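Reader: Before I rely on the descriptive words used for this model, I would like each of them set against its definition. Could we go through them in turn?

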Amino acid sequence: MFMEILGIIIILMALRTLIAQDRAERMLYLNAMGFAISALIVLYIQTPFGAIMAITYFIASTLSSNAIAYSIGRVKKEILVK
Amino acid sequence: MNEVLGIIIAAIICWFNFVLIDTWMGLPENPGVKGAEVIGRAVKKRGGSLAGGFFQGNIVCSPDASAGTLLASVGSYAIGIPEGGLIAATLVYFGNRLCADPGYAGTTGALSITLIIYLTSMVGMKPEFYIVGMVLAIITIQGLAHPTASRLLGKLAQKMGRHTKMT
């Protein structure tokens, strides 16, 4: 039951990421997804190594979010495919 | 304990744990890292509060008490009840330092939830309730409606005397 709840949350957040209009708004949904994915990793791999993987995944994802959010402030226009 | 009831109780405990520690540590006051300021201003542009926006931006950009709460529950679930939380707190501290953050909020959050998990395990609360509960708690801040959540966080920051002085 735990994994089903987390799966539904991930799908909902993924859909909201797709329909978001603002790049900064997208980062917030991706962060919420990161929380759920890291929880899913440890509930699937129920060993101490699974916990280390989940922790490393989450910390690395916040590091890259920091870099992306920093560059959002510098890039003026989003390049869109027409 | 009943699973649904356990998850709801854990979600409420996690929400108060990370929101109170993060506000107390001054997350709404100023953007600790550069990326947080960009996200805070974008939330304000969409009708939210700047202090709440900085709070949300800080959660995205570095592992704060919210990450500490999740990762200490993860450690307690897979490694063991006190030692897993302590390992998670150490790793969160490393992550904070990599993001050039002081790192007190993340480690305080991890240590406090480890203590809470240890105490509530005596009444039948399992660490997996806290894992799912924390995900539900973060959804209320980051996943439903950002301007509304940021206004709530801004009001809380004002009550605790941690509202931002930036405009």
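Author: Read along its sequence, chain A follows the pattern α-α-α, with three helices and zero strands, where helices (H or I, at least four residues) and strands (E, at least two) are DSSP runs numbered from the N terminus. This is a predicted model, in which local features need pLDDT of at least 70 and side-chain atom pairs count only at pLDDT 80 or more, while totals for chains, interfaces and linings use all residues. Residues are numbered from 1 along each chain as its sequence is written, and chains are lettered from A and ligands numbered from 1 in the order in which they are written.

Reader: What makes chain A more spread out than a compact globule?

Author: The radius of gyration is taken over C-alpha atoms, and the globule rule is 2.2 Å times the number of residues to the power 0.38. For 82 residues that rule gives 12 Å, whereas chain A has 15 Å, well over that value, so chain A is called more spread out. Its C-alpha trace spans about 45 × 25 × 20 Å along the principal axes.

Reader: How does the radius of gyration of chain B compare with that of a compact globule?

Author: Chain B has 167 residues, for which a compact globule would have a radius near 15 Å, and the value for chain B is 15 Å, which agrees. Chain B holds eight helices and zero strands.

Reader: What share of each chain counts as buried?

Author: A residue is buried if 20 or more other C-beta atoms, placed from the backbone, lie within 10 Å of its own, exposed if 12 or fewer, and partly exposed in between. Buried residues make up 62% of chain B and 35% of chain A.

Reader: Why is α4(B) called mostly covered, and how do you know that its length suits a helix?

Author: Of its 14 residues, 14 are buried. The expected span is 1.5 Å times one less than the number of residues, which gives 20 Å for α4 (residues 65–78) of chain B, and because its end C-alpha atoms are 20 Å apart, the two agree.

Reader: How many residues of each chain are in contact with the other, and which element of chain A gives the most?

Author: Contact requires C-beta atoms, placed from the backbone, within 7 Å, and by that test 38 residues of chain A are in contact with 37 of chain B. On the side of chain A that touches chain B, α3(A) gives the most, with 14 residues.

Technical notes. Contact = placed C-beta atoms within 7 Å.
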